[in-house]
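The following paragraphs lead the reader through a protein model, beginning with one helix and moving outward to the domains. Please keep the sequence and the structure in view while reading.

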Amino acid sequence: MSKKKFKGISTVTLHTANHENDNFSHTTPIYATSTFTFNSTDEGMERFKGSDKSRIYTRWGNPTFTAAEETIAALESHNLTNEKGEPLVLKALLHASGQAAMTTLFFSNLSAGDTLISHYSLYGGSQELMQKVLVEAGVNIILIDVRDLNLLETTIKANPATKLIHLETPANPTLQCVDIEAICTIAKTHGVKVSVDNTVATPYLQQPFALGADFVFHSATKFLNGHGSALHGVLLGKDIELMHTKVWKWHALLGGNSNAFDAYLLIQGMKTLEIRMERHCSNAAKVAAFLENHTAVEKVNYTGLATHPDHAIASKQMKQHAPLLSFELKGGITAGKKFIDALEVCTRAVSLGTVDTLVSHPASMTHYGIPREERIKYGITDGLIRMSVGIENYEDLEADLTQALGHI
Ligand SMILES: *Cc1c(COP(=O)(O)O)cnc(C)c1O
């Protein structure tokens with residue numbers, strides 16, 4: 001764990017990773033190795049005894065992973081204290097993808113007969129992991145509207161085997177937000193742990209550990225990497241003993257470890273997290289205001305607008321509004337396709353959190369295979385466009401949106 005204490009986020013992301021290495025490399029070396037050597041049996045024994053497994057075998061840890069893990073732990077704990085008023089210490093585990101990190105989270109906390117409660121609006125992969133894999137492993141999955149705190153409490157009481165509540169706020173792609181602090185307070189009185197998917201907000205905008213969370217999860221593929229250059233997932237916990245024992249063990253046994261090159265890309269990407277997020281967020285606020293006043297647009301879904309149903313919760317727990325939005329075109333599916341095809345600056349792609357603006361049309365792309373009635377129930381209407389706002393110069397974004405909206 002890094003002992004350094006920095007006032008600002010950019011200093012954290014630039015200086016947490018250890019610069020000490022045998023060859024004085026300025027950037028973190030890429031330790032492309034499966035195994036690590038011992039000078040003697042005694043040295044080997046010492047390493048096996050210690051909790052730092054990062055110099056034995058790469059599935060158990062690797063110095064390049066450690067540098068990324070310590071940076072993310074420093075971000076999520078920045079300026080936070082524990083119950084005793086001491087600086088909060090976190091343990092992070094880097095994985096090959098968000099899905100791999102979530103697998104470790106669920107399997108190290110849940111077994112057959114346990115119940116997992118979550119919000120009904122989740123990233124598709126999280127929901128499928130619960131309803132396909134966890135269900136087959138004997139875990140009871142309950143998806144409700146956890147914004148209804150009475151419903152949440154009644155559900156916990158009716159299901160005494162509840163072990164974990166998993167939250168995702170803001171949710172991808174609906175942008176629904178749930179009250180982390182209120183839910184953690186209820187969970188604590190019933191001895192239930194809470195994990196929070198902080199992918200869309202990033203630790204720059206929201207720190208779930210400050211609000212009572214036990215675990216924080218990231219698809220670091222998104223804003224943390226920031227450049228769309230690799231997949232990564234990270235699982236963080238504040239129970240250091242648990243993180244070093246069962247959670248680490250499950251992580252190592254399930255085998256969803258990262259690799260040194262991707263970890264290096266993540267370290268490089270995170271260095272500019274703060275300045276990227278500032279630009280992402282200011283661009284998104286401007287794009288939302290522009291779209292709201294455009295005659296071709298029926299509705300804009302962005303937590304920064306007072307019309308968003310979860311605007312109050314989002315404003316309370318995030319420093320600024322996350323740079324993800326969706327909007328509904330008046331012309332339905334035809335307008336949606338014409339608009340997307342006419343874009344010249346924005347990138348046509350799924351995913352989110354890259355430096356360039358990503359635009360997708362869920363009805364003809366991600367949700368194409370889902371029957372129309374069903375996807376409309378989840379809020380994926382015919383003319384819905386999803387936009388992850390990038391860091392382009394705003395004037396170019398507005399000009400591109402204007403010309404593309406002119407084509408429908
Ligand atoms: C992308 C994403 C995931 C899954 O992460 P991968 O890195 O694609 O495995 C989980 N949660 C959210 C909110 C995501 O956006």
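Which backbone nitrogen does a side-chain oxygen of Asp179 reach at the start of H7? The backbone nitrogen of Glu181 is the partner, and the oxygen comes to within 3.3 Å of this atom. Helices (H or I, at least four residues) and strands (E, at least two) are DSSP runs, numbered from the N terminus. The model is predicted, so local features need pLDDT of at least 70 and side-chain atom pairs count only at pLDDT 80 or more, while totals for chains, interfaces and linings use all residues. Residues are numbered from 1 along each chain as its sequence is written, and side-chain values use heavy atoms, with hydrogens and water left out.

Helix H7 spans residues 180–189, and its buried residues are Ile180, Ala182, Ile183, Cys184, Ile186 and Ala187. Here buried means under 20% relative accessible area, exposed over 50%, and partly exposed in between (1.4 Å probe, protein chains only). An α-helix has 3.6 residues a turn, so residues three or four places apart point the same way. The cover over the buried residues of H7 includes helix H6 (149–158), strand E4 (162–168), strand E5 (193–197) and helix H12 (311–317). After H7 comes Gly191, with a positive phi near 65°.

The loop between E4 and H7 also deserves attention. Pro170 is found in this loop, and a cis peptide bond with omega of about -10° joins Thr169 to Pro170. Pro173 has its place there too; a cis peptide bond joins Asn172 to Pro173, with omega of about 5°. Most residues other than glycine have a negative phi, and most peptide bonds are trans. Leu175, in the same loop, has a positive phi near 65°. Because its relative accessibility is 1%, Leu175 counts as buried.

On a wider view, the protein chain is divided into domain 1 (9–270) and domain 2 (274–405), with bounds that come from an automatic or database domain assignment. Their C-alpha centres lie 28 Å apart. The area buried between the two domains is about 2,700 Å², of which carbon and sulfur atoms give 59%; buried area is the accessible area (1.4 Å probe) that two parts lose on being put together, summed over both. Tyr204, Leu205 and Phe223 supply 29% of the area that domain 1 buries against domain 2, more than any other three residues.

Asp179 also meets Lys316 in a salt bridge between their side chains (2.8 Å, N to O). The term denotes a side-chain nitrogen of Lys or Arg within 4 Å of a carboxyl oxygen of Asp or Glu. Across the interface of domain 1 and domain 2 the rule finds two salt bridges.

Technical notes. Contact means heavy atoms within 4.5 Å. A polar contact is a pair of N or O atoms within 3.5 Å; within protein, one must be able to donate a hydrogen and the other to accept it, and residues adjacent in sequence count only if both atoms are side-chain atoms.
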